[in-house]
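Trainee: I have a structure open and would like to learn how to read its features. Could we go through a few of them in turn?

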Amino acid sequence: GSVFEELVRLLATILQVDVAFVARPDAGQPEGMRILAMFCGGRVMQDIPYPLPGTPCSTVLGQGFRAYPANVQGLFPDDKEMREAGCESYAGHPVTALDGTPLGLVSVASRRPLAQLDRVKATLKIFAMRAAAEIERLRAGEAQKQAVEDLRQRETQYRAIFESSLDGLFLWNQDLRLVDVNPARCNLYGHSREEMLGKTYPPTM
């Protein structure tokens, strides 16, 4: 399983809670979160979207440690997930980058009131630091993927402009060998692209 899967399992075990999860803001939904992994009812679920407004998580993300040791359903009546899970208590710790950028949160919820809040806070803080490193790694991978996609789109745009230009265009490399030629130039010379590639400058055709 993923690092997040291991983290939530371990967190639920250490703090003896019914629910533990790591979530990050959902890029596709301005007010949404995406649960990267959630331990609940003895099993782990991954990649679940959930809305942030009206939840205790909304008081944690980008802010600080929050604990609602009892009556969490009464305090957050709009949080149907808390209601469905039958939770009585909740605690969450923000996950932040080294520069303070909010990356997400690590949270636990229980069907019993939460005790030993200092221990809960200290544990969540450690897990938040571990989760931050993993989310940063995820983001770096996503940024790299996006850069490759951007490059591919630019290449496609360049190709479309180059191919459709009414002017005959040559592209030479540093050895003055022809590396690209557009249809307009091919038509001008009456040769195919394949015949012209690799020729040296000036073209003898």
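Trainee: Start with the strands. How many residues are in the hairpin that joins β1 to β2?

Mentor: Keep in mind that this model is predicted. To read a hairpin, look for the link between two paired strands. Here six residues make the hairpin from β1 to β2. The two strands, β1 at residues 19-25 and β2 at residues 32-40, run antiparallel and are joined by seven bridges. One pair to find is V19, whose bridge partner in β2 is C40.

Trainee: Which strand besides β2 pairs with β1, and over how many bridges?

Mentor: A strand has two edges, so check both once you have found one partner. Strand β7, residues 102-110, pairs with β1 in the antiparallel sense over five bridges. Within this pairing, V22 stands opposite V106 of β7.

Trainee: Is β1 largely enclosed or open?

Mentor: Count its buried residues. In β1 six of the seven are buried, so the strand is largely enclosed by the rest of the structure.

Trainee: Now the helices. How does the span of α1 agree with its number of residues?

Mentor: Compare the expected span with the distance between the end C-alpha atoms. Helix α1, residues 3-15, has 13 residues and should span 18 Å at 1.5 Å a residue; its ends are 18 Å apart, which agrees. Just after α1 comes Q16, with a positive phi near 55°.

Trainee: Which residues of α1 are buried, and what do they pack against?

Mentor: The buried ones are F4, E5, L7, V8, L11, A12 and L15. Viewed down the helix axis, they fall within an arc of 165°, so they line one face of α1. They pack against β1, β2, β3, β7 and α4.

Trainee: Where does E134 lie, and is it buried or exposed?

Mentor: E134 is part of helix α4, residues 117-164. Its relative accessibility is 8%, so E134 counts as buried. Setting aside neighbours within four places in sequence, its contacts are V3 and F4.

Trainee: Last, the cysteines. How many disulfides does the structure hold?

Mentor: For this, look at distances between sulfur atoms. There are zero disulfides. C57 is in none, and the nearest cysteine sulfur to it, in C87, is 11 Å away.

Trainee: Why is there no bond between C87 and C40?

Mentor: The closest cysteine sulfur to that of C87 is in C40, at 7.1 Å, which is too far for a bond. As for burial, C87 counts as buried at 3% relative accessibility, and C57 is buried with a relative accessible area of 3%.

Definitions and conventions:
Residues are numbered from 1 along each chain as its sequence is written. This is a predicted model: local features need pLDDT of at least 70, side-chain atom pairs count only at pLDDT 80 or more; totals for chains, interfaces and linings use all residues. Side-chain values use heavy atoms; hydrogens and water are left out. Helices (H or I, at least four residues) and strands (E, at least two) are DSSP runs, numbered from the N terminus. Buried means under 20% relative accessible area, exposed over 50%, partly exposed in between (1.4 Å probe, protein chains only). Contact means heavy atoms within 4.5 Å. Two strands pair if DSSP finds at least two bridges between them. A disulfide is a pair of cysteine sulfur atoms within 2.5 Å. The expected span of a helix is 1.5 Å times one less than its number of residues. The arc is that of the directions from the helix axis to the C-beta atoms.
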